[in-house]
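Here is a quick tour for anyone who wants to know what to look at before opening the viewer. Have the sequence and the model side by side as you read.

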Amino acid sequence: MKFFVCVFLFSNIALADDLREIHIGLASNFSEVSTGSSNPYGGYFKGGVDLALKKAEPKLRSRGIILKTLEFDYGNTDIKVLDAARKAIASDVIAVIGYNYSSNALLAAPLHHEAKLPMITPSATANRLGQLGRYIHMGAFDNAFMGETLARIARNRLKAAKVVLLPAGNCAYCSDLADSFAREFQKQGGSIAYNLPVLSEDKDFSGIVQKLKGLEYDLIFIPNQELTSARMIAALSKAGIKKPFMGADGWGNVGQEFFGILGEGNFTGYSTSHWHPDLNDSASKEFISAYVKLYAKTPNDTSVLAYDSTLLLVESILAAKDFTRESIEDSLNKLKSFRGVTGQFILSPNRAPEKSLVLLKTESHKFKIVEVISPKNRKAL
């Protein structure tokens, strides 16, 4: 009996020694507090990645590999984003997950494409991203999909005829989303009453309040990140502006910080997300349970997008002929579909994936699900 136990233990050790360690990069803000988001230090992002790698470990081991992550921190500045991308390119990573905001991803993408290092941005939604080269991949639908969907809802469901746009002019995501919304809203027969760019770091909106009081409009579109949007809505609501507000995935979907800034003030708001913890879906419930068990907190949209993008990369690695950057890229481009917690991905090279969008409405200081809108049923809006 002792002989067989020793053989079993030796076999396990040999198996572990035979595993090949492969590195993937994580590019994010791991060190500084953002002016636009309540998600500092990449916590939710890294949590989603680590949970996905834990889930995928048995499959990876069966292929004879173990994945390890290397972090490339870019803080909160554009120069550091470029520096992080160059460090990733010079390293031995076979792919990079990250560059979570559109402004970050747009800076890093040309460097990745030129160096032929695959990158998957889990949450950046800029329309141009999918067209910046073969090595650039998106884990989220783009601003065109969000903006057009929201415009149709504003015009055809909420019956808004005139809309005010208040995008952050120094935010690539915000301006891109505002443009997508405006084009579709006008196409649907609506008009833009006013378009006033702000800055992401602005906290005084008294000038905007005065201008809005002299205008006729039906809805205010605020396509900005979480903290900027919450500060704007709080200031406008306090000034007595009661028109409905509309935003997108930049508002987040959990909302502790968002509604904390708003205080006790009530407002009507509509936004979108890639996912919500109240979704009645087995994959979603399993993800939430595993995330809460591991981190003792509820996941948000950042964590679930990172989770899906990591498993998408894992699937490509498992299907690749070897573990070079070029082989991983070939494998990524061959994927036609993928099932994630955020739904069914329809994939095609150099395009954002087509998948479902969750429409949310503010209620009792929470984001509540209105409906899940698929690419197919969006046409009926």
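## The enclosed space

A cavity here is a set of points on a 1 Å grid where a 1.4 Å probe fits but cannot get out. Its volume is the space filled by probe spheres set on those points. Bear in mind that this is a predicted model.

How many cavities of 30 Å³ or more are there? By this rule, the count is one. The largest cavity holds about 150 Å³ of space. It has 15 lining residues, and the closest to its centre are His-137, Leu-332, Leu-347, Ser-348 and Arg-351. Two elements, strand 5 (136-138) and helix 12 (325-334), give two or more residues to that lining. Strand 5 gives the most, with three residues.

## How far to trust the model

Overall, the mean pLDDT of the protein is 90, with 93% of residues at 70 or more. Confidence peaks in strand 3 (residues 96-98), at a mean of 98, and is lowest in helix 1 (residues 2-18), at 42.

The start of the chain deserves some caution. Over residues 1-15 pLDDT stays under 50, and the model has zero contacts there beyond four places in sequence. Where pLDDT is low, predicted coordinates should not be read in detail.

## Two nonpolar cores

The largest nonpolar core has 93 residues, and Phe-181 and Ile-220 have the most contacts inside it. Apart from it lies another core of 22 residues, including Val-96, Tyr-99, Met-119 and Ile-136.

What does Phe-181 touch, leaving aside neighbours within four places in sequence? The list is Gly-147, Leu-150, Ala-151, Ala-154, Val-163, Leu-165, Phe-221 and Met-246. Gly-147, Leu-150, Ala-151 and Ala-154 are among the buried residues of helix 5.

## Helix 5, mostly under cover

Helix 5 (residues 143-157) has 15 residues, so at 1.5 Å a residue it should span 21 Å; its end C-alpha atoms are 20 Å apart, which agrees. Of those 15 residues, 11 are buried. The buried stretch takes in Asn-143, Ala-144, Phe-145, Met-146 and Gly-147, then Thr-149, Leu-150, Ala-151, Arg-152, Ile-153 and Ala-154.

What covers them? Included are helix 6 (172-187), strand 8 (219-221), strand 9 (245-246), strand 10 (269-273), strand 13 (357-362) and strand 14 (367-373). Ala-172 belongs to helix 6, but Ala-172 and Thr-149 sit 19 Å apart, C-alpha to C-alpha, with their positions 23 residues apart in sequence. Ala-172 is partly exposed, with a relative accessible area of 29%. Beyond four places in sequence, Ala-172 is in contact with Ser-103 and Leu-106.

## Around His-112 and Met-119

His-112 sits in helix 4 (residues 102-115). Is His-112 buried or exposed? Its relative accessibility is 0%, so it counts as buried. Not counting residues up to four places away, His-112 touches Ala-85, Ile-89, Val-96, Tyr-99, Leu-117, Pro-118, Met-119, Tyr-135 and Ile-136.

Met-119, in strand 4 (residues 119-121), is also buried, with a relative accessible area of 0%. Outside its neighbours within four places in sequence, Met-119 is in contact with Val-96, Tyr-99, Ala-105, Ala-108, Ala-109, His-112, Tyr-135, Ile-136 and His-137. That last residue, His-137, is one of those closest to the centre of the largest cavity. Met-119 and Ala-84 are 35 residues apart in sequence and 13 Å apart in space, C-alpha to C-alpha.

## An open pocket

The second largest pocket contains about 500 Å³ of space. It is lined by 20 residues, with Lys-55, Ala-56, Glu-286, Tyr-307 and Leu-311 nearest its centre. Helix 2 (43-62), helix 10 (282-295), helix 11 (301-319) and strand 11 (337-340) each give two or more residues to the lining. Helix 11 gives the most, with six.

## Backbone oddities

Most residues other than glycine have a negative phi. Ala-296 is not a glycine, yet has a positive phi of about 60°. Ala-296 lies in the loop between helix 10 and helix 11 and counts as exposed, at 69% relative accessibility.

Ser-364 has a positive phi too, near 50°. This residue is in the loop between strand 13 and strand 14, and Ser-364 is exposed, with a relative accessible area of 66%. Just after helix 5, Lys-159 takes a positive phi of about 60°.

Methods
Residues are numbered from 1 along each chain as its sequence is written. This is a predicted model: local features need pLDDT of at least 70, side-chain atom pairs count only at pLDDT 80 or more; totals for chains, interfaces and linings use all residues. Side-chain values use heavy atoms; hydrogens and water are left out. pLDDT is the predictor's confidence in each residue, from 0 to 100. Helices (H or I, at least four residues) and strands (E, at least two) are DSSP runs, numbered from the N terminus. Contact means heavy atoms within 4.5 Å. A nonpolar core is a set of buried Ala, Val, Leu, Ile, Met, Phe, Trp, Tyr and Cys residues joined through side-chain atoms within 4.5 Å. Buried means under 20% relative accessible area, exposed over 50%, partly exposed in between (1.4 Å probe, protein chains only). The expected span of a helix is 1.5 Å times one less than its number of residues. On a 1 Å grid over the protein atoms alone, a cavity is a set of points where a 1.4 Å probe fits but cannot get out, and a pocket is an open set with protein on both sides within 12 Å along at least five of seven lines; lining residues have an atom within 4 Å of a point.
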